[in-house]
Amino acid sequence: MVTPKEQVYYELLILRCRRQDRSAQQELVACWEQRLFYYIRRLLDDEEEAWDALQETWLSALKSIGSLREPAGLPAWLYRIARNKAMDRLRRKCAEREMLIDEEDASETGVPDETLDLHNAQVVHEALGRLSILHREVLTLFFLEDLSIAEMSDVLQTSPGTVKSRLHHAKRALRAILEEEGYAQ
């Protein structure tokens, strides 16, 4: 949730960005870069791909900042752009993979089973990586980015009911993975 103080800050920052104020653009990037990268990284397995998607996110966001009407909507707006850029990359990657399979008539290779580290954060990240993209992103937005159901609904461009349902199923799936690996009770 955006506090009144943050809303005023975002409004002033957005106005400055609309005027092509380079320091405001740098301030916006500095304020949001880590959070957006973390979110994108949960969606994309490859770190280099995630950095590229983040770069595309900033290009798009700074170019279209004039379309943002409500300053309080800045977090959801940025996450929506980041999500769209990450999903574009996933779609391209899937299309390329299908082309390679068709051309070479190759069979898919499985990902090797790796032993999970005993550090709790790493265990959770490993488990998140095993979830579907829909479950991974809803858990990331809710727990790690602290967005409300309404904000998540805006980012994911779906109904609040669908967000609640995905969140419920994602929690169950994560718990099952952690129990399977012996880390949850």
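## Overall architecture

What pattern does the protein follow when read along the sequence? The pattern is α-α-α-α-α-α-α-α. The model is a predicted one, and it contains eight helices and zero strands.

The protein has 185 residues, of which 35% count as buried. Among contacts with a separation of 6 or more, 64% join residues that lie 24 or more positions apart. The surface exposed by the protein is about 11,500 Å², and carbon and sulfur atoms supply 50% of that area.

## Helices α2 and α3

Helix α2 spans residues 22-43, and helix α3 spans residues 47-63. The axes of α2 and α3 come within 10 Å and cross at roughly 140°. At that angle α2 is oblique to α3, because only values over 145 degrees count as roughly antiparallel. The crossing of α2 and α3 is right-handed.

On the α2 side, the contact is made by Gln25, Leu28, Val29, Trp32, Glu33, Leu36, Phe37, Ile40 and Arg41. On the α3 side, Glu47, Ala50, Trp51, Ala53, Leu54, Thr57, Trp58 and Leu62 take part. Sorted by class, the contact of α2 with α3 has twelve nonpolar, two polar and three charged residues. An α-helix has 3.6 residues a turn, so residues three or four places apart point the same way.

## Helices α6 and α7

Helix α6 covers residues 133-144 and helix α7 covers residues 149-156. Their axes come within 10 Å and cross at roughly 140°, which means that α6 is oblique to α7. The crossing in which α6 passes α7 is right-handed.

From α6, the residues in the contact are Glu137, Val138, Leu141 and Phe142. From α7, they are Ile149, Met152, Val155 and Leu156. The residues of this contact of α6 with α7 comprise seven nonpolar, no polar and one charged.

## Leu141

Is Leu141 of helix α6 buried or exposed? Leu141 counts as buried because its relative accessibility is 0%. Leaving aside residues up to four places away in sequence, Leu141 touches Tyr39, Tyr79, Asp146, Leu147, Met152, Val155 and Leu156. Met152, Val155 and Leu156 are also among the α7 residues that make the contact with α6.

Leu141 and Leu156 are 15 residues apart in sequence. In space, their C-alpha atoms are 9.9 Å apart.

## Helices α7 and α8

Helix α8 runs over residues 160-180. The axes of α7 and α8 come within 9 Å and cross at roughly 100°. This value falls in the 65 to 115 degree range, so α7 and α8 are roughly perpendicular to each other.

In α7, Ile149, Met152, Ser153 and Leu156 meet Pro160, Val163, Lys164, Arg166 and Leu167 in α8. The contact of α7 with α8 is made up of six nonpolar residues, one polar and two charged. Ile149, Met152 and Leu156 take part in this contact with α8, and they also belong to the contact of α6 with α7. The buried residues of α7 are Glu151, Met152, Ser153, Val155 and Leu156.

## Loop residues with positive phi

Just after α7, Gln157 takes a positive phi of about 55°, a positive value in a residue other than glycine. Gln157 sits in the loop between α7 and α8. With 55% relative accessibility, Gln157 counts as exposed, because the cut-off for exposed is over 50%.

Gln20 is not a glycine either, and its phi is positive at about 65°. The loop that holds Gln20 joins α1 (4-18) to α2. Gln20 counts as exposed, at 54% relative accessibility.

## Arg69

Arg69 is found in the loop between α3 and α4 (74-104). With a relative accessible area of 76%, Arg69 is exposed.

How far apart are the C-alpha atoms of Arg69 and Glu11? They are separated by 9.6 Å, while the two residues are 58 residues apart along the chain.

Technical notes:
Residues are numbered from 1 along each chain as its sequence is written. This is a predicted model: local features need pLDDT of at least 70, side-chain atom pairs count only at pLDDT 80 or more; totals for chains, interfaces and linings use all residues. Side-chain values use heavy atoms; hydrogens and water are left out. Axes are lines fitted to C-alpha atoms, for helices over the stretch in contact, and angles run from 0 to 180 degrees between N-to-C directions. Helices (H or I, at least four residues) and strands (E, at least two) are DSSP runs, numbered from the N terminus. Angles under 35 degrees count as roughly parallel, over 145 as roughly antiparallel, 65 to 115 as roughly perpendicular and the rest as oblique. A crossing is left-handed if the near helix is turned anticlockwise from the far one by less than a right angle, and right-handed if clockwise. Contact means heavy atoms within 4.5 Å. Ala, Val, Leu, Ile, Met, Phe, Trp, Tyr, Cys and Pro count as nonpolar, Asp, Glu, Lys and Arg as charged, and the others, Gly among them, as polar. Buried means under 20% relative accessible area, exposed over 50%, partly exposed in between (1.4 Å probe, protein chains only). Accessible areas come from the Shrake-Rupley method with a 1.4 Å probe; for residues, only the protein chains shown count as cover.
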